Amino acid sequence: MKKLSLVFLGAPGAGKGTQATKICEKYNIPHISTGDILRANIKAGTPLGLQAKAIIDKGQLVPDEVVIGLMKDRLAQEDCQKGYLLDGFPRTIEQAKALDTFENVSMAINIAVNEDEVVERIAGRRMCTCGESYHISTYKADTCAKCGAKLYQRDDDKPETVKARLEVYNKQTAPLIEYYGNKNILYTVDGSQDINDVYASIVKVINDNN
Ligand code: AP5
Ligand code: MG
């Protein structure tokens, strides 16, 4: 199998993080989520975290130059030389063009889910600082099954912020579907299936094309 340089596309709540954890475990590649990196910076109170918090809480995007710099450094690290999965980056055409100057993306996998479903998924999401996420309809405990830490709801998962995030997605991120389609590296999976079936669809797409 050639180097897997994967990008996950999909609306907020589509299941990018859920699937990324499983896919990275299977193919032994790092899961690089800009959202997780930014939230870790907020938690640690770094200057980046302070800048990002106000923007994230409004459902807007952190400036391109900030995330591009962050990803350039991250992708230069040793663990990315054998492949990686990008979750939440690129998110604008500008970011995708910048990524093309320092990396060769091998596949962009779009996890397609309709808007009503993502709103419902986000409303019931509970997160762990270790990166796991759960949904209240299928997981009743308030601590993480993997690490035991207390689960929390993301500040940007409030309904009014979710609305803004979806608008930003439709305007600034959805055009990436066409961008990668034009490069002939776009693969779409039906993200409305249950978690294990979405996973099986993604594995099939990867194995059939590598
Ligand atoms: P980010 O953290 O990337 O958030 P997002 O794109 O809005 O996506 P989510 O994490 O909300 O959803 P997900 O697709 O990962 O879904 P999940 O697997 O959790 O970004 C946050 C913010 O950071 C942005 O708004 C922006 O401000 C900033 N930012 C990040 N990257 C940036 C960038 N590149 N440029 C600029 N700014 C950036 O699943 C959701 C729920 O559904 C869970 O409860 C899960 O259990 C459940 N679920 C998952 N799959 C299924 C299924 N198949 N069936 C039923 N339930 C399911
Ligand atoms: Mg996520």
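Student: In which helix is Asn 41 found?

Tutor: Keeping in mind that this is a predicted model, you can locate Asn 41 in helix 2, and that helix covers residues 34-44.

Student: Is Asn 41 buried or exposed?

Tutor: The general idea is to compare the relative accessible area of a residue with a cut-off, and a residue under 20% is called buried. Asn 41 has a relative accessibility of 16%, and therefore it counts as buried.

Student: Which residues does Asn 41 touch, if those up to four places away in sequence are not counted?

Tutor: With those neighbours set aside, Asn 41 touches Thr 46, Leu 48 and Gly 49. You can also look at Gln 51, which is 10 residues apart from Asn 41 along the chain, and find that the C-alpha atoms of the two are separated by 9.7 Å.

Student: What does helix 2 lie across?

Tutor: Helix 2 lies across strand 2 and strand 3, and it runs at about 65 degrees to strand 2. On the subject of helices and the sheet, helix 9 (residues 195-208) packs on the sheet too, where it touches strand 1, strand 4 and strand 7, and its direction makes about 155 degrees with that of strand 4.

Student: In what order do the strands of the sheet stand, and why is one side of strand 2 left without a neighbour?

Tutor: To read a sheet, follow the pairing from strand to strand; here 5 strands form an open sheet in the order 2-3-1-4-7, with parallel pairing. Strand 2 (31-33) and strand 7 (186-190) are at the edges and have a single partner strand each, so one side of each has no neighbour in the sheet. From one strand to the next, the twist averages 25 degrees.

Student: Over how many bridges do strand 2 and strand 3 pair?

Tutor: Strand 2 and strand 3, the latter made of residues 83-87, pair in the parallel sense over 3 bridges, and if you look for the partner of His 31 in strand 3, you will find Leu 85.

Student: How do the axes of helix 6 and helix 7 cross?

Tutor: The axes of helix 6 (residues 115-123) and helix 7 (residues 159-173) come within 11 Å of each other and cross at roughly 140 degrees. An angle over 145 degrees would count as roughly antiparallel, and the two helices are therefore described as oblique to each other. Their crossing is right-handed.

Student: Which residues meet where helix 6 and helix 7 are in contact?

Tutor: From helix 6, Glu 115, Val 118, Val 119 and Ile 122 meet Val 162, Arg 165, Leu 166 and Asn 170 of helix 7. Sorted by character, the residues of this contact comprise 5 nonpolar, 1 polar and 2 charged.

Key:
Residues numbered from 1 in each chain as written. Chains lettered and ligands numbered in written order. Predicted model: local features only at pLDDT ≥ 70, side-chain atom pairs only at ≥ 80, totals over all residues. Heavy atoms only, no water. Pairing = 2+ DSSP bridges. Helix = DSSP H or I, 4+ residues; strand = E, 2+ residues; numbered from the N terminus. Axes fitted to C-alpha atoms, helices over the stretch in contact; angles between N-to-C directions. Contact = heavy atoms within 4.5 Å. Parallel < 35°, antiparallel > 145°, perpendicular 65-115°, else oblique. Left-handed = near helix turned anticlockwise from the far one by under 90°. Nonpolar A, V, L, I, M, F, W, Y, C, P; charged D, E, K, R; others polar. Buried < 20%, exposed > 50% of the residue type's maximum accessible area, 1.4 Å probe, protein only.
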